[in-house]
Amino acid sequence: MGRSSKKGPYVDPRILKKVLKQKGTGSRDPIKTWSRPCQIPPEFVGHTFQVHNGKNFIKVFVLETMVGHRLGEFSHTRIFRGHGKVVAREISKT
């Protein structure tokens with residue numbers, strides 16, 4: 001379900017504060033965050049985040065095409081190991 005357009009996009013103020021601080025100092029250290037529902041504003045472009053997926057922190061480098069998406073979309077919580085594998089069985093000679 002979408003967020004009300006009257007409220008605007010959800011951007012975690014703590015993360016925004018850290019990004020603006022980094023822009024002032026010029027450092028490019030990854031910003032560690034647990035805020036998966038935070039939307040990516042244009043100010044985040046060019047920064048690296050470590051987004052928690054429930055077990056590990058996944059590095060996410062923000063590009064222009066990611067603006068408007070959420071941080072959690074780029075830090076998957078499940079590992080896809082493929083569909084069922086075909087196992088070749090030997091045919092017994094009887």
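Let me start with phenylalanine 49, which has a relative accessibility of 0% and therefore counts as buried. Bear in mind that this is a predicted model. Phenylalanine 44 also comes out at 0% relative accessibility, so it counts as buried too.

How many aromatic pairs are there? The count comes to 2. In one of them, the rings of tryptophan 34 and phenylalanine 57 sit with their centres 5.0 Å apart and their planes at 85°, which makes the pair edge-to-face, because angles over 60 degrees are classed that way. Tryptophan 34 is in the loop between β1 and β2, while phenylalanine 57 is in strand β3, so this pair ties together parts that are 23 residues apart in sequence. Tryptophan 34 is exposed, at 57% relative accessible area. Phenylalanine 57 is partly exposed, at 27% relative accessibility. Phenylalanine 44 and phenylalanine 49 also form an aromatic pair, a tilted one, with 5.0 Å from centre to centre and 45° between the planes.

Next, the core. Which residues make up the largest nonpolar core? It has 12 residues, and phenylalanine 44 and phenylalanine 49 are among them. The others are Ile15, Val19, Ile31, Cys38, Ile40, Val51, Val60, Val62, Met66 and Leu71. Helix α1, residues 13-25, and strand β2, residues 48-52, each supply at least two residues of this core.

Take leucine 71 from that list. If we leave aside neighbours within four places in sequence, leucine 71 is in contact with Ile15, Thr33, Ser35, Arg36, Cys38, Ile40, Phe49 and Val51. Several of these names, including Ile15, Cys38, Ile40, Phe49 and Val51, appear in the core list as well.

Now to helix α1. It has 13 residues, and at 1.5 Å a residue it should span 18 Å; the C-alpha atoms at its ends are 18 Å apart, so the two figures agree. If you try that sum yourself, remember that the expected span is 1.5 Å times one less than the number of residues.

Which residues of α1 are buried? They are Ile15, Val19 and Gln22. These residues cover an arc of only 60° around the axis, which puts them on the same side of α1. There is a general point behind this. An α-helix has 3.6 residues a turn, so residues three or four places apart point the same way. On the other side of α1, the exposed residues are Pro13, Arg14, Lys17, Lys21, Gly24 and Thr25. What covers the buried residues includes β1, residues 31-33, and β2. Just after the helix comes glycine 26, with a positive phi of about 85°.

One of those buried residues in α1 is glutamine 22. Glutamine 22 has a relative accessible area of 9%, so it counts as buried. What does its side chain reach? The side chain of glutamine 22 reaches the backbone oxygen of aspartate 29, at 2.6 Å. Setting aside neighbours within four places in sequence, glutamine 22 is in contact with Ser27, Arg28, Asp29, Ile31 and His47.

That last name leads to histidine 47, which lies in the loop between β1 and β2. Is histidine 47 buried or exposed? With a relative accessible area of 0%, histidine 47 is buried. Its side chain makes a polar contact with the side chain of arginine 28, at 3.3 Å. Not counting residues up to four places away in sequence, histidine 47 touches Val19, Gln22, Lys23, Arg28, Val60, Phe61 and Val62.

Finally, two residues from the segment after β3. Glycine 68 is found there, and glutamate 90 is found there as well. Glycine 68 is partly exposed, at 46% relative accessibility. Leaving out neighbours within four places in sequence, glycine 68 is in contact with Gln39 and Ile40. Glutamate 90 is exposed, with a relative accessible area of 79%.

Where do these two sit relative to valine 19? Glycine 68 is 49 residues from valine 19 in sequence, and their C-alpha atoms are 16 Å apart in space. Glutamate 90 is 71 residues from valine 19 along the chain, with 60 Å between the C-alpha atoms.

Terms used:
Residues are numbered from 1 along each chain as its sequence is written. This is a predicted model: local features need pLDDT of at least 70, side-chain atom pairs count only at pLDDT 80 or more; totals for chains, interfaces and linings use all residues. Side-chain values use heavy atoms; hydrogens and water are left out. A nonpolar core is a set of buried Ala, Val, Leu, Ile, Met, Phe, Trp, Tyr and Cys residues joined through side-chain atoms within 4.5 Å. Buried means under 20% relative accessible area, exposed over 50%, partly exposed in between (1.4 Å probe, protein chains only). Helices (H or I, at least four residues) and strands (E, at least two) are DSSP runs, numbered from the N terminus. Contact means heavy atoms within 4.5 Å. The arc is that of the directions from the helix axis to the C-beta atoms. A polar contact is a pair of N or O atoms within 3.5 Å; within protein, one must be able to donate a hydrogen and the other to accept it, and residues adjacent in sequence count only if both atoms are side-chain atoms. Rings of Phe, Tyr and Trp (its six-membered ring) pair if their centres lie within 6.5 Å; planes under 30 degrees apart count as stacked, over 60 as edge-to-face and the rest as tilted.
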